[in-house]
Every structure is written in structure tokens, then in C-alpha cells.
Amino acid sequence: MSVNAKVVIIGCGISGIAAAHRLANAGFHHVRILEATARSGGRIKTGRLGDNIVEIGANWIHGPSEENPVFCLARQYRLLDPEALTPENQAMDVGGHPPWVPNIFSSSGRKLNPEDIYPALEMFAELMYESSEFESQGGEPWACVGDFIRSEAKRRAAEEWKDIDATTRSLRLCVISNLLKVECCVNGSPSMDEVGLGAYGLYKTLPGLDCTFPAGYEGLIKNLMSELPSGLVTYNQAVRCVHWNNTEKRENPVTIECDDGERIVSDHVIVTVPLGYLKKHHSALFRPLLPLHKLHSIQRLGFGTNNKIFVEFDSPWWDADCEIIHLVWEDEDVMVDYVPDVQRSWIKKLFGFTVLKPTERYGHVLCGWIAGHESEYMETLSEQEVTHTISQIIHRFTGNPTITPRRVLRSQWFHDPWTCGSYSYPGKGCSAQDLDNMMEPLPTKGSQSQPLQVLFAGEATHPCYYSTVHGALLTGWREADRLISHYSSISPSEPPK
Ligand code: 6YU
């Protein structure tokens with residue numbers, strides 16, 4: 001096939017790159033990517049902490065197995081450790097939650113006995129599984145996941161833990177608060193009270209034990225970019241407005257207006273900007289405005305902040321086999337996952353740390369996780385203030401005032417003007433229809449205008465793998481395929497009339 005139609009892609013994240021790759025391979029000669037920043041990759045961003053490689057954005061391949069296109073590409077480009085390639089690793093089905101070995105510390109400076117805590121971990125895992133069941137059943141008892149967990153945990157604790165002493169019971173409920181904060185990071189939501197119970201089960205996991213890229217996630221971007229025709233991407237070229245349904249220019253119904261005043265005419269535009277950006281700028285970004293049903297879905301879907309705080313130490317203060325450290329506040333038995341006074345107590349939202357492994361590769365580096373408005377406030381503080389607060393919290397939870405971080409590095413996704421947060425989640429009242437609306441091209445079906453003028457890709461447009469790299473990649477391929485089949489169905493090498 002040889003196609004002369006002009007296609008502009010807004011955004012050079014994985015979805016934009018995937019779309020360009022597919023179109024270029026299918027014989028589209030006039031494909032351009034406009035990228036607001038000076039780099040490719042978007043939310044795939046590898047940085048450095050001293051000598052260590054750290055991921056500022058996406059971390060893992062979620063579910064690395066045959067059905068995951070990111071896994072298949074990473075394998076093809078030889079970017080993975082041998083362990084990730086083993087059939088055993090690919091067959092492991094953990095429902096999205098790897099069985100990490102925990103160390104649990106409490107705010108009174110004690111290391112908690114896992115035996116006392118496991119019943120809380122088990123109950124929470126059951127409740128999360130049950131939360132995902134409502135999608136298929138319908139008739140959910142609560143609007144949000146947070147309310148469901150709290151009410152059920154309270155009821156079950158009274159029944160199942162009635163013979164346990166009051167202190168241990170209270171501690172287990174505090175652990176549930178900590179696990180709600182973990183889920184805020186997983187979902188990228190300010191609180192689990194913002195995540196819709198009816199839509200929670202829309203997200204699907206793939207088999208395979210999550211793995212990382214030993215030399216950095218950006219290796220995937222570099223390999224894909226090296227296969228694109230040179231000069232296809234224009235960097236530092238932010239798009240201000242997409243003028244579509246441009247009836248005066250019948251040949252090219254779309255005009256893209258850039259921040260620097262340049263106007264680019266095209267037949268099709270694939271918009272891959274993050275949902276956070278879309279929420280903030282949709283009214284300026286489209287002329288005419290987006291149809292109401294699309295706008296409502298943009299509003300109903302959630303887009304929150306999850307940030308990382310990398311901390312390097314001279315020596316470990318956690319066990320050699322530890323993979324995750326939980327920080328449990330002993331005054332949180334009411335099962336809360338947000339703090340009322342963000343400025344004073346933002347650090348209470350940090351659920352704890354994951355340990356960067358293997359130690360021979362990373363040294364003694366922890367990755368702290370913090371979601372929500374507390375995380376957005378953390379971004380406004382200086383690096384010294386963040387380091388100071390992290391040191392204080394470690395002193396308090398370990399009871400050891402001599403532990404000193406060597407270096408700290410944090411992400412700041414909320415204040416990134418081209419992202420405005422981290423990733424999407426299904427908000428209260430969301431349904432599968434909202435994700436369908438997100439991916440629906442413009443003009444909508446039934447219109448007399450030229451079809452497929454504006455197409456939508458990006459993680460927040462995937463019906464079940466939203467919030468992930470593989471989801472984003474698949475949406476880029478999906479929209480490219482939409483154009484490819486459109487041009488295959490009309491005469492080859494002809495732009496549509
Ligand atoms: C994954 C993981 N991961 C951690 C953190 C973050 C994310 N994700 P892009 O934003 O990449 O590209 C858009 C481009 O558009 C960008 O370059 C802009 O500059 C540009 N742009 C914007 N406006 C423009 C304009 N006006 N003009 C021109 N250009 C413009 N995913 O698979 N594994 O470990 C993580 C993680 C801190 C921030 C992640 C992870 C999400 C992915 O990074 C993300 O989906 C894709 O990279 C997005 O690609 P894109 O192309 O769509 O946009 C049950 C249940 C629960 C549901 N969730 C469970 C899954 C958990 C997800 N976990 C994530 C966890 C981590 C740690």
C-alpha cells in the first residue's frame with residue numbers, strides 16, 4: 001500500500017511512536033509527530049541517581065508474557081534479563097500483585113511481626129478481588145472502592161477478629177489504611193474514595209511476574225525510534241489548537257495550530273496527549289469543541305498523581321530478602337487513605353518503599369511511593385525539605401536516628417505541564433462506555449463530513465489496559481490500523497474525498 005494522506009500525531013510518547021511505526025510500515029509517506037518537549041518517551045523516562053539508573057516514570061512491564069506487546073518488543077530488542085524470559089516467569093499469574101517479601105515498621109518505631117499482620121493483608125487482598133467482581137455483576141453496594149473496603153473490613157474485623165486483643169485488632173486496621181495508600185499509588189488516584197466500584201474490574205491483568213528493563217525503560221523508546229524515518233518528529237513543537245471539520249479546505253480538513261504560530265494542514269490527526277492535559281486544556285485544544293458525550297467521559301475518568309522518591313543509603317536498614325517496606329501509622333485505625341492537613345502531614349501519605357533489586361546492580365536504593373494531593377504538594381517543596389522529612393520519618397519508624405540518606409531524587413509529574421499528573425483510573429460513575437467514548441474518532445458516526453479527521457490514542461483510551469505502557473502502545477497501533485483499514489477499503493494511494 002502507498003498512501004499520500006497527511007497524518008499528524010500529537011505527542012511522542014509510546015502511543016504516538018507506536019502509531020507512527022505502524023503507519024510508516026504500512027506505506028503512509030506523510031506522517032509527522034509534533035512533540036511539546038525536547039525528548040521522546042513521555043511518561044517513559046529513565047534518569048540517574050548517582051551511578052544508578054532509575055525510572056522516573058513507568059517502572060515495570062506489567063504481565064510480561066506472550067500477549068503483552070511490550071514484553072515481545074523488549075525480548076526482540078534483547079532488553080530483558082534472562083530470568084524474565086523463562087517460561088516459569090511468563091506463566092506466573094499473580095493478578096497484578098507480585099508476592100513481595102515485606103518489612104513492616106510502625107510509627108512507634110517498632111518492626112512489626114508479620115504473623116500479627118498477615119490476616120489484615122489477606123483480608124485486604126480478598127476485598128480488592130471482590131471489588132473487581134462488581135464490574136461483571138453490576139448492582140454494586142457502594143459508589144467507590146474506598147467505601148466498600150472500609151465497610152466490609154469493619155464488619156469482617158468485628159466478626160473474624162473478635163477474639164483478638166484490642167491492640168492487635170487496631171493495628172490490623174491501621175495496616176488496612178496503609179494498604180489503601182498502596183492502592184492509591186497502583187491506581188494513581190488521590191484516594192480509593194475516588195475510584196468507582198462499578199468500573200474497578202474493567203482493568204485486566206496479564207500473566208507474568210512483573211519485570212524491569214536492566215538498562216532502563218527508555219531502551220524500548222530508543223529502539224523503536226531508530227526504526228522510524230529520520231526527521232519524522234519535530235521536538236519543542238507544542239500544539240495549541242486542532243481545527244477540524246474545516247469545510248473551506250476540502251482537501252485537508254484538519255489544521256493544526258502550534259504554540260509558535262505555525263499552522264500545519266493534514267487529513268488526519270492522532271491526539272495522544274495525556275488525559276490530565278486533556279482535562280485542563282480541551283476547551284482550547286479543539287475547534288469546534290469536543291462533543292458533549294466525549295467531554296463528560298473526559299470528566300468522569302480520573303487522572304491522578306503518583307510520584308516516586310528515590311533514596312540512596314550507604315548501607316541497608318532493611319532485611320536482605322526484603323522487597324517492600326510498609327510504614328504503618330498507629331493512629332489510623334479508622335482506615336483513611338488521605339490526610340486532612342496536607343501541608344503539615346503530607347508525608348503520612350507515603351505508604352513506604354520498594355527495594356531496588358538486585359543490590360549488585362543498584363546498591364542500597366529505595367523507591368518511596370506517594371500518591372494524591374499530598375504527592376502534588378510534595379512536588380512544591382525543595383529537594384532539601386523532602387530529604388529532611390524522609391530522614392525524620394525513617395528515624396521515627398526504625399527508632400534509629402543515625403540513618404542518613406546519601407542522595408534523594410523525586411519525580412514531579414503533576415507540575416509537568418504536558419502531563420499534569422501520572423495516569424488514569426476509573427472514577428465514580430464510570431463505565432466501559434466512557435472508555436469507548438474516549439477512543440471514538442471525530443466526526444462521530446453518521447456525520448456527512450470526511451471521516452476519521454481526529455483520532456484518539458494514549459493510555460486513557462484503552463478499554464482494559466489503561467494506565468500502562470502496553471495499553472498505550474496498543475492504542476497507537478489501534479488508531480494506525482483504523483487508518484490503514486480505511487485506506488485499504490478505498491482506492492490505494494488516494495486521499496479520501
Ligand atoms: C506501566 C509501570 N508505572 C509510574 C509513573 C508514571 C506512569 N505507568 P505519554 O504521556 O507518554 O505521551 C504523551 C506525549 O504528548 C508526551 O510526550 C507529551 O510531552 C506530549 N504532549 C502533551 N501535550 C502536548 C501538546 N499540546 N503538543 C505536543 N505534544 C504534547 N506503566 O506499564 N508500568 O510500571 C508504570 C508508572 C510515575 C507517571 C507509570 C506505568 C504508566 C505509563 O507510563 C503510561 O501509561 C504510558 O507511558 C503513557 O503513554 P502515552 O503515549 O499514552 O502518553 C486493578 C487495577 C488498577 C489499575 N491500574 C493498575 C496498573 C498500574 C499502573 N501502574 C503504574 C505504575 C508504575 C509504577
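The dialogue below goes through a predicted model and asks how each label in it is justified.

User: What should be kept in mind about the model and its numbering?

Analyst: This is a predicted model, in which local features need pLDDT of at least 70 and side-chain atom pairs count only at pLDDT 80 or more, while totals for chains, interfaces and linings use all residues. Residues are numbered from 1 along each chain as its sequence is written, and side-chain values use heavy atoms, with hydrogens and water left out.

User: Which residues come nearest to the ligand, and what makes a residue count as near?

Analyst: A residue is near a molecule or strand if one of its heavy atoms lies within 4 Å of it. There are 43 residues around the ligand, and Ser15, Glu35, Arg43, Trp60 and Val469 come nearest. The shell around the ligand divides into 23 nonpolar, 17 polar and 3 charged residues, where Ala, Val, Leu, Ile, Met, Phe, Trp, Tyr, Cys and Pro count as nonpolar, Asp, Glu, Lys and Arg as charged, and the others, Gly among them, as polar. Helix 1 (14–25), helix 7 (166–187) and helix 16 (469–489) each supply at least two residues of that shell; helices (H or I, at least four residues) and strands (E, at least two) are DSSP runs, numbered from the N terminus.

User: How do you know that Ser15, with a polar side-chain atom 2.7 Å from an oxygen atom of the ligand, makes a polar contact?

Analyst: A polar contact is a pair of N or O atoms within 3.5 Å; within protein, one must be able to donate a hydrogen and the other to accept it, and residues adjacent in sequence count only if both atoms are side-chain atoms. The 2.7 Å between a polar side-chain atom of Ser15 and a ligand oxygen atom meets that cut-off. A polar backbone atom of Trp60 also qualifies, at 2.8 Å from an oxygen atom of the ligand, as does a polar side-chain atom of Tyr277, at 3.0 Å from a ligand nitrogen atom. The protein covers 97% of the 1300 Å² of accessible area that the ligand has on its own, by the Shrake-Rupley method with a 1.4 Å probe; for residues, only the protein chains shown count as cover.

User: Why is Cys184 not assigned to a disulfide?

Analyst: A disulfide is a pair of cysteine sulfur atoms within 2.5 Å. The closest cysteine sulfur to that of Cys184 belongs to Cys185 and is 6.9 Å away, which is too far for a bond. Cys430 is in no disulfide either, since the nearest cysteine sulfur, that of Cys144, is 13 Å away. By this rule the count comes to 0 disulfides.

User: Why is Cys430 called buried?

Analyst: Buried means under 20% relative accessible area, exposed over 50%, and partly exposed in between (1.4 Å probe, protein chains only). Cys430 has 9% relative accessibility, so it counts as buried, and Cys184, at 0%, is buried as well. Thr468, in the loop between strand 19 (454–456) and helix 16, is buried at 6%. A polar side-chain atom of Thr468 lies 2.6 Å from the backbone oxygen of Tyr465.

User: Why are strand 9 and strand 11 said to stand at the edges of their sheet?

Analyst: Two strands pair if DSSP finds at least two bridges between them. The open sheet holds 4 strands in the order 9-8-7-11, with mixed pairing. Strand 9 (263–266) and strand 11 (286–287) each have a single partner strand, so one side of each is left without a neighbour in the sheet. Strand 8 (residues 254–258) pairs with strand 9 in the antiparallel sense over 4 bridges.

User: Why is strand 5 described as largely enclosed?

Analyst: In strand 5 (residues 102–106), 5 of the 5 residues are buried, so the strand is largely enclosed by the rest of the structure. Both faces are covered, with Pro102, Ile104 and Ser106 on one side and Asn103 and Phe105 on the other. Strand 5 pairs in the parallel sense with strand 14 (residues 324–328) over 5 bridges, and the bridge partner of Phe105 in strand 14 is Leu327.

User: What makes strand 16 mostly covered, and which strands pair with it?

Analyst: Strand 16 (residues 365–371) has 7 of its 7 residues buried. Strand 13 (residues 306–312) pairs with strand 16 in the antiparallel sense over 7 bridges, and strand 15 (residues 352–355) runs antiparallel to strand 16 with 4 bridges. Gly368 in strand 16 stands opposite Ile309 and also opposite Phe353.
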